[in-house]
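This briefing concerns the chain shown below. The points are grouped by topic, from the domains to the surroundings of the ligand.

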Amino acid sequence: MNGKRTSETLTRMAQFMTPNDANFLGHVFGGSILAMVDLTASATAQKFSGRMCVTASFDRVDFLHPVEVGNYVEMEGSVTYVGRTSLEVTIDVYATDLTKGDKRHTNTARVTMVALDDDGQPTEVPRLICETREDRIAFIEGLARRHLRQGRAAQMADLHKRLLAASDEELDLCASDPEAALKHIGG
Ligand SMILES: CC(C)(COP(=O)(O)OP(=O)(O)OC[C@H]1O[C@@H](n2cnc3c(N)ncnc32)[C@H](O)[C@@H]1OP(=O)(O)O)[C@@H](O)C(=O)NCCC(=O)NCCS
């Protein structure tokens, strides 16, 4: 299986934000940014793997600053971690008011993409050749996020089972003290 260097994975997309992207407050709707993030993740993953790729999951995305209608939004995607058939794309989002030239970093998003073969089944992706110390740090963090994601999913499934099995009296505690209810039922 061939490897690809981290620096080869950089993929950029950019777009002006128009009134179609606005929410009711006149700022840009978070979903417009997420749609661009998803497209950038797809482009980055397909360029890296040479395969069609689907989005398996989005990690938590925090919006650090509002993006305004008229801003020029740039996305920079790069592959930060690879598994066997999946890969993590990290996307940095920047918004610029071109009349003022103030470019702001507004988000960092992490998306897991899965490469598919011609039958639509997950297929192996190239190895990622980390070129710098930062690349190696990012790779190990990507692996840690994968473990955390899997651990969180298992923990939530376990909590859901416990909540379904809880008595009405135990669940009633939720109204007065939800933290205590979680501690008591969640264990
Ligand atoms: C993503 C998908 C192809 C995975 O299929 P699957 O049958 O679970 O495949 P596998 O169990 O063999 O997993 C394949 C890889 O995906 C990863 N994966 C599966 N579900 C995942 C999830 N929810 N989050 C992160 N990674 C996931 C696995 O860890 C594995 O990675 P690895 O090969 O690097 O170890 C399948 O769930 C799917 O098609 N989902 C819908 C995707 C889609 O339509 N996205 C757009 C939504 S509009």
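Which domains does the domain assignment of the protein give? In this predicted model, the assignment yields domain 1, covering 1–131, and domain 2, covering 132–187. The secondary structure amounts to 4 helices and 7 strands.

**Domains and their contact**
- The centres of domain 1 and domain 2, taken over C-alpha atoms, are separated by 27 Å.
- Contact between the two involves 11 residues of domain 1 and 10 residues of domain 2.
- On the side of domain 1 that touches domain 2, 3 residues are nonpolar, 4 are polar and 4 are charged.

**Fold and overall dimensions**
- Starting at the N terminus, the order of elements is β-β-α-β-β-β-β-β-α-α-α.
- The C-alpha trace spans about 55 × 50 × 35 Å along its principal axes.
- The radius of gyration of the protein is 20 Å, whereas a compact globule of 187 residues would have one near 16 Å.
- Buried residues account for 24% of the 187 residues.
- Of the contacts between residues at least 6 apart in sequence, 70% join residues at least 24 apart.

**Surroundings of the ligand**
- The ligand is surrounded by V54, T55, A56, S57, G83, R84, T85, S86, T112, V114 and P122.
- Two or more residues of this shell come from each of β3 (52–58) and β6 (102–116).
- The element that gives the most to the shell is β3, with 4 residues.
- Divided by class, the shell holds 4 nonpolar, 6 polar and 1 charged residues.

Key:
Residues are numbered from 1 along each chain as its sequence is written. This is a predicted model: local features need pLDDT of at least 70, side-chain atom pairs count only at pLDDT 80 or more; totals for chains, interfaces and linings use all residues. A residue is near a molecule or strand if its C-beta atom, placed from the backbone, lies within 6 Å of it. Ala, Val, Leu, Ile, Met, Phe, Trp, Tyr, Cys and Pro count as nonpolar, Asp, Glu, Lys and Arg as charged, and the others, Gly among them, as polar. Domain bounds come from an automatic or database domain assignment. Two residues are in contact if their C-beta atoms, placed from the backbone, lie within 7 Å. The radius of gyration is taken over C-alpha atoms; the globule rule is 2.2 Å times the number of residues to the power 0.38. A residue is buried if 20 or more other C-beta atoms lie within 10 Å of its own, exposed if 12 or fewer, and partly exposed in between; C-beta atoms are placed from the backbone.
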